[in-house]
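Reader: I have a structure to work through and would like to go over it by question and answer. Please show it to me first.

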Amino acid sequence: MTIIVRGDVTARPESFERLLEASLAHVARSRTETGCVEHGVAVDAENPLRLVFFEIWSDAAALKTHFAQPGSAEFMEAVAEFAADRGGLHIYSADRVKV
C-alpha cells in the first residue's frame, strides 16, 4: 500500500527565503531515504508565501522511519521558526491504478 503525503506551510514575508532553503534541503535529504518514491515542494501560484509539499512513500514503515530521522526534526524546527502558519499534513494510503 503506497502512502501519499500532502502538506503545506506559509512563511512570514521576512523569512520566506530561509523557509524555502530549509524546505529544499529537506526534500533533497528525503529523496535519499529508503522507500521515498517522490518528494517535492512547490510555491503556491496563488499565495507566493505558501509552500506545498507532495510525497509518495512505498509503505507506512518507510514514512514512519522518515519522520524519525534527525533531518525531519530539524526541518520541523525551521518550520516553527520561520512559518506564519504551519498549515497541515494529510496522509493517505492508496493503491496504484493502471488505466
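Author: The model is a predicted one, and the questions below go through its sheet, its helices and two single residues.

Reader: In what order do the four strands stand in the open sheet?

Author: The sheet is open, and its pairing is antiparallel. The edge strands β2 and β4 each pair on one side only. From one strand to the next the twist averages 10°. The order of the four strands is β2-β3-β1-β4.

Reader: How many bridges join β1 to β4?

Author: Strand β1 covers residues 2-11, and strand β4 covers residues 83-94. The two run antiparallel, and within this pairing I3 stands opposite S93 in β4. The number of bridges joining β1 to β4 is nine.

Reader: Over how many bridges do β1 and β3 pair?

Author: Strand β3 spans residues 50-57 and pairs with β1 in the antiparallel sense. In β3, I56 is the bridge partner of I4, while V52 is the bridge partner of D8. The count of bridges between β1 and β3 is eight.

Reader: Is strand β1 largely enclosed by the rest of the structure or largely open, and how many of its residues are buried?

Author: A residue counts as buried when its relative accessible area is under 20%. Strand β1 has 10 residues, and most of its length meets that cut-off, so the strand is largely enclosed by the rest of the structure. The number of buried residues in β1 is seven.

Reader: How many residues lie between β2 and β3 in their hairpin?

Author: Strands β2 and β3 pair in the antiparallel sense over seven bridges. Along this pairing C36 stands opposite W57 in β3, and E38 stands opposite I56 in β3. The two strands form a hairpin, and the number of residues between them is six.

Reader: Which strands does α2 lie across?

Author: Helix α2 is made of residues 60-68 and runs at about 135° to β3. Helix α1, for its part, lies across β1, β2 and β3 and runs at about 165° to β2. The strands that α2 lies across are β1, β2, β3 and β4.

Reader: Are α1 and α3 roughly parallel or roughly antiparallel to each other?

Author: Helix α1 (residues 16-31) packs with helix α3 (residues 70-82) at an angle of about 165°, and their axes are 10 Å apart. Angles over 145 degrees count as roughly antiparallel. The crossing of the two helices is left-handed. The relation of α1 to α3 is therefore roughly antiparallel.

Reader: How many nonpolar residues does the contact of α1 with α3 have?

Author: On the α1 side the contact is made by R18, L19, A22, S23, H26 and R29, and on the α3 side by G71, S72, F75, A78, V79, E81 and F82. By class, this contact has four polar and three charged residues. The number of nonpolar residues is six.

Reader: Does H26 count as buried or exposed?

Author: H26 sits in helix α1. Leaving aside neighbours within four places in sequence, H26 is in contact with H39, H66, G71, S72 and F75. Its relative accessibility is 5%, and the cut-off for a buried residue is under 20%. H26 therefore counts as buried.

Reader: What is the relative accessible area of V43?

Author: V43 is in strand β2, which covers residues 36-43. Not counting residues up to four places away in sequence, V43 touches F16, P48, R50 and L51. V43 is partly exposed, and its relative accessible area is 42%.

Reader: What distance separates the C-alpha atoms of V43 and K98?

Author: V43 and K98 are 55 residues apart along the chain. The separation of their C-alpha atoms is 30 Å.

Key: Residues numbered from 1 in each chain as written. Predicted model: local features only at pLDDT ≥ 70, side-chain atom pairs only at ≥ 80, totals over all residues. Heavy atoms only, no water. Axes fitted to C-alpha atoms, helices over the stretch in contact; angles between N-to-C directions. Parallel < 35°, antiparallel > 145°, perpendicular 65-115°, else oblique. Left-handed = near helix turned anticlockwise from the far one by under 90°. Contact = heavy atoms within 4.5 Å. Nonpolar A, V, L, I, M, F, W, Y, C, P; charged D, E, K, R; others polar. Buried < 20%, exposed > 50% of the residue type's maximum accessible area, 1.4 Å probe, protein only. Pairing = 2+ DSSP bridges.
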